[in-house]
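Me: I'd like to go through this model piece by piece. Can we take it as a run of short questions?

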Amino acid sequence: MTKSYELLDSGDLSKLEIVGGYKLLRSSPTSAYGKATPEIWNDLHAQYVKNDSGSGHWNFQKKVPESFTIEFSNLTFKIKLTPFGHIGLFPEQETNWNRIREIGKKKQGLEVLNLFAYSGGSTLACLDAGMGVCHVDASKGMVDWARENAKLSGLDSKPVRWIVDDVMKFIRREIKRGKKYQGLILDPPSFGRGSKGEVWKIEENLSELMDALMELSDSKPEFVILSCHSQGFSPLTLERILSSRIKTKGVYQTSELFIPEKSGKKYPAGFCTFFSK
C-alpha cells in the first residue's frame, strides 16, 4: 500500500502536511520553534484557523472533497477536515500499531479494550493482528467513523464490539459482568465529556480509571498502551502509573511520540508507555 500521508515541516505553532495529495496547514501548539524549510509553506489547499473557543474553521484556497480515503500503515482511513482541526488520522500512533502486530504474531485471540478510541486506528491494528476488540468512545459520530474505517480496511467481519458510552460507566458495568481483557489501550484526553455530559479531567480521573482497568485484567495484562498529550504526564509519569499497578513481569518501552518530517526532523506528538509480557 502507498503511504498517502506525509508531514512536510513544522514550526511557528503550525504543521504542514500532505494528506491524500492535499496540502494542509494546521495549528500546532507543540511546535514553538522555527520552520526547517520555510520556502515550501505555500501553494496550500486549505489552512485551519483556530478561534478562542477551541473550535475553528478551514480556509480553502483550492477545492478539497468533504471526505476522502487514504492508505496508511496497511490500513484505509476516511479523512475529513473537521471543525476542530482533526482529520481522523493520528500518524504518531503507527509505532504502537506495529507493536500490536508483533504481539499478534506470537499470541492470537487476545481480547482488547480500546478506550477513547476515536476513529479507530488502534482498533484496526488489533483486528488486523487477529485480536478481538471492544472499541469505546463517547461520541456516536466517532464510533460510526471508526466502523467505516474498519469496513474500508476489510476488517468489518472481525470480532469487534462498537460501544458509544462514557468510559468509566462502561468499565464499571464490565466489572460487574466479570468481563476480562488481556490487552488495554487508552489515549485519554486532558478534558472531555461522556455520552450524557459526564465530565472527564485527566488529573482527577486517570488514577480511578487505571485501578478499574486492573480489575478487568487481574492486574496481569498481556500488554498495555497508555499515551496522552497532557502537560504534567511525562513518559516517566506514565510508566510509573502502569508499573505501580501491574503485578507481572514484563518490558516497559517509554518514549515521546513523534512523526518524522520530510525535513529529517521529528515532530513532537505526545507521550507513551508500552508494556508487554
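**Strands, helices and one aspartate**

Reply: Sure, starting with strand β8 (residues 111-115): four of its five residues are buried, so the rest of the structure largely encloses β8. Buried means under 20% relative accessible area, exposed over 50%, and partly exposed in between, with a 1.4 Å probe and protein chains only. Helices (H or I, at least four residues) and strands (E, at least two) are DSSP runs, numbered from the N terminus. This is a predicted model, where local features need pLDDT of at least 70 and side-chain atom pairs count only at pLDDT 80 or more, while totals for chains, interfaces and linings use all residues. Residues are numbered from 1 along each chain as its sequence is written, and side-chain values use heavy atoms, with hydrogens and water left out.

Me: In β9, which residue is the bridge partner of N114?

Reply: β8 pairs with strand β9 (residues 132-137) in the parallel sense, over five bridges; two strands count as paired if DSSP finds at least two bridges between them. Within β9, the bridge partner of N114 is H135.

Me: And what is the handedness of the β-α-β crossover from β8 to β9?

Reply: The chain leaves β8, passes through helix α2 (residues 121-128) and arrives at β9. The test is to point the strands away from the viewer: if the path from the first strand over the helix to the second runs clockwise, the crossover is right-handed. Here the crossover is right-handed.

Me: Which residue of β11 is the bridge partner of L113?

Reply: β8 also pairs with strand β11 (residues 183-186), in the parallel sense over four bridges. In β11, the partner of L113 is L184.

Me: Within what arc do the buried residues of α3 fall?

Reply: Helix α3 (residues 140-152) buries M142, V143, W145, A146, N149 and A150. Seen down the axis of α3, they line one face of the helix, because their directions from the axis to the C-beta atoms fall within an arc of 155°.

Me: Which exposed residues sit on the face of α3 turned away from its buried side?

Reply: The buried residues of α3 pack against β7 (75-80), α2, β9 and β10 (160-164), where contact means heavy atoms within 4.5 Å. The face turned away from that buried side carries the exposed residues K140 and K151.

Me: How far apart are the end C-alpha atoms of α5?

Reply: Helix α5 (residues 202-217) has 16 residues. The expected span is 1.5 Å times one less than the number of residues, which gives 22 Å for α5, and its end C-alpha atoms agree at 21 Å.

Me: Which residue with a positive phi follows α5?

Reply: The buried residues of α5, L206 and L209 among them, pack against several elements, including β8, β11 and α6 (235-243). After α5 comes a residue with positive phi, near 55°: D218.

Me: Which strands stand at the edges of the open sheet?

Reply: The open sheet has five strands in the order β1-β2-β3-β4-β5, with mixed pairing. Two of its strands have a single partner each, so one side of each is left without a neighbour in the sheet: β1 (5-11) and β5 (56-60).

Me: Is D137 buried or exposed?

Reply: D137 belongs to strand β9. Leaving aside neighbours within four places in sequence, its contacts include F116, Y118, M142 and D165. Its relative accessibility is 9%, so D137 counts as buried.
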